[in-house]
Amino acid sequence: MIPDDSFEARLEAAQRANAPPPDAGSRGSAMGMAFRLSTDLVSAVVVGGVIGWGLDWLLGTDPWLLLLFFFLGIAAGILNVIRTAQSMNAAQVAGTEVSGNSGDSVEH
Amino acid sequence: MSTDAHNPFSHSPMAQFEINRIVPMNIGGLDVSFTNSSLMMVITLGLITLFLMMSTRRGALVPGRWQSLAEISYEFVASMMRDTVGDSGRKFFPFVFTLFMFILFLNMLGMVPYSFTVTSHIIVTFGLAALVFIGVTVLGFIKHGFGYLKLFVPHGVPAALLPLIVVIEVISYLSRPISLSVRLFANMMAGHTMLKVFGGFIVMLGFIGGWLPLAFSVAFVGLEVLVAFLQAYVFAVLTCIYLNDALHLH
C-alpha cells in the first residue's frame with residue numbers, strides 16, 4: 001500500500017501514461033520519406049514532359065519529342081529515387097553508428 | 001467560386017487559401033497589391049527579428065529561456081550544415097539559417113486559427129526553391145567554371161550511352177526545384193485542407209456525432225505541427241545537400 005502510493009511511484013506512472021508512443025516520431029518522418037521519394041519521381045517526369053513539349057513546339061515535330069522526353073523523365077525520376085534512397089540509407093547507417101561529421105557522405 | 005469565400009466561417013475547405021488585397025497597388029500594369037499573404041510575411045519577418053534581437057540582447061553566459069531557444073535554433077542549423085556540407089559551408093550559414101527560420105515561422109504561424117499559411121501557395125515555395133536552385137548553380141559555375149558541367153557526366157559510362165545519360169542527368173538536375181517546392185506546398189495545403197474538412201464535420205454532426213471528428217482534429221493538429229517543423233527542416237537540409245554538390249564536385 002504505502003510504497004505504491006509514494007510520490008515517485010505515482011510520478012513514474014503518470015510519466016508512463018503521458019509518454020508518446022515510441023513510433024510517433026518515426027511514423028511522421030516515414031511519411032516524410034515516402035512523400036520525398038514520390039515527389040522526386042513525379043517532378044522529374046513533369047520536367048521531362050515539359051522539355052519534350054517545348055521542343056516539339058519549337059521544332060514542329062509534334063508528338064515524338066514529347067514521347068521521348070517523357071520516358072527520359074521517367075528514367076531521371078527513377079535515378080532521383082535511387083539516389084535519395086541511397087542517401088537515406090547512408091544517413092540511417094551513420095545515425096546508428098556514430099553521429100560524427102562525415103562531410104561528403106551525402107548522396108552518391 | 002462561392003461568393004462568401006472571404007468569410008472566414010465559410011464551409012469551403014479551400015476558402016482559407018484565398019488571397020485578398022489589403023492595399024491595392026498597380027505599378028506599370030503589374031498587380032503588386034499588398035495582400036494578406038504579404039501581411040503574413042511581414043509579420044513573420046518582424047517576429048523572427050524580434051525573437052532573435054530580444055533573446056540575444058543580453059548575451060548572458062548562463063542563458064535564460066529565450067536565449068537558450070535562440071541558441072538551440074542556431075545549434076540546430078549549424079550542426080545540420082556541418083554534417084551535410086562540412087566546414088566549407090560555413091560561409092553560407094546566414095542564408096540557410098534565414099531560409100529555415102522563415103519557412104519554420106511561416107508554417108507555424110499558419111497553424112494559428114484564422115491566420116494565413118503563406119507556404120500553402122506554390123508560387124511562394126517555388127520562388128524560394130528557384131532562389132536556391134539558381135544560387136547553387138551560379139555558385140557551382142563560379143567555383144568550378146565550366147568544369148561544373150562534369151556533374152552531368154558520371155564516371156565509368158561507356159561513350160555510346162553518354163548522350164542518353166547526360167540528358168537524363170540534366171532532367172534530374174532540373175527537377176530539383178520542382179520537387180523542392182511541390183513537397184513543401186503540397187504538405188501544407190493538404191494538411192490545412194484536411195483540418196478544415198474535419199472541422200466542418202464537427203459542425204455538421206453537431207453535439208451527438210461530432211466527438212469523433214473532434215478527437216481526430218485534435219490529433220491531427222499535433223501531426224500538423226510536426227509536419228510544419230519537418231518540412232522546414234527538409235527544405236533546409238536539401239538546400240545544404242545541393243550546396244554540397246556545388247562546392248565539392250566528385
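This is a short tour of a two-chain structure, stop by stop, to follow in your viewer.

Before you click anything: this is a predicted model, where local features need pLDDT of at least 70 and side-chain atom pairs count only at pLDDT 80 or more, while totals for chains, interfaces and linings use all residues. Residues are numbered from 1 along each chain as its sequence is written, chains are lettered from A and ligands numbered from 1 in the order in which they are written, and side-chain values use heavy atoms, with hydrogens and water left out.

**Stop 1: the two chains**

Select chain A and color it by secondary structure. You'll find 3 helices and 0 strands, running α-α-α from the N terminus. (Helices are DSSP runs of H or I with at least four residues, strands are runs of E with at least two, and both are numbered from the N terminus.) Of its 108 residues, 24% are buried, meaning under 20% relative accessible area; exposed means over 50%, and partly exposed is in between (1.4 Å probe, protein chains only).

Now switch to chain B, which has 6 helices and 4 strands. The strands come before the helices in its pattern, β-β-β-β-α-α-α-α-α-α. Its C-alpha atoms fill a box of roughly 70 × 55 × 45 Å along the principal axes, and 42% of its 250 residues are buried.

**Stop 2: a nonpolar patch**

Stay on chain B and select B:I22, B:V23, B:M25, B:I27, B:L30, B:V32, B:L39, B:I43, B:L47, B:L50 and B:M54. Together these make a nonpolar surface patch of about 950 Å². (Patch residues have over 30% relative accessible area and no salt bridge; like charges are joined within 9 Å, and nonpolar side chains, namely Val, Leu, Ile, Met, Phe, Trp and Tyr, within 5 Å. Areas come from the Shrake-Rupley method with a 1.4 Å probe, and for residues only the protein chains shown count as cover.) Strand 1 (21–23) and helix 1 (36–55) of chain B are the elements that give two or more residues to the patch. Which element gives the most? That's helix 1 of chain B, with 5 residues. Click on B:I43 in that helix: B:I43 is partly exposed, at 37% relative accessible area.

**Stop 3: two crossing helices**

Keep helix 1 of chain B on screen and add helix 2 (residues 65–84) of chain B. The two pack at an angle of about 115 degrees, with their axes 8 Å apart. (Axes are lines fitted to C-alpha atoms, for helices over the stretch in contact, and angles run from 0 to 180 degrees between N-to-C directions.) That makes the helices roughly perpendicular, a label for 65 to 115 degrees; under 35 is roughly parallel, over 145 roughly antiparallel and the rest oblique.

**Stop 4: salt bridges**

The whole structure has 5 salt bridges over all chains (a side-chain nitrogen of Lys or Arg within 4 Å of a carboxyl oxygen of Asp or Glu). Here are some to try.

- Select B:E169 and A:R83, whose side chains meet at 2.7 Å, N to O. This pair crosses between chains, from helix 5 (residues 162–209) of chain B to helix 3 (residues 62–96) of chain A. B:E169 is buried at 7% relative accessibility, and A:R83 is buried at 17%.
- Select B:D245 and B:R176, with closest N and O atoms 2.7 Å apart. B:D245 lies in helix 6 (residues 211–247) of chain B and B:R176 in helix 5 of chain B, so this pair ties together parts 69 residues apart in sequence. Both residues are buried.
- Select B:R90 and B:D87, with closest N and O atoms 3.1 Å apart. Are they buried or exposed? Both B:R90 and B:D87 are exposed.
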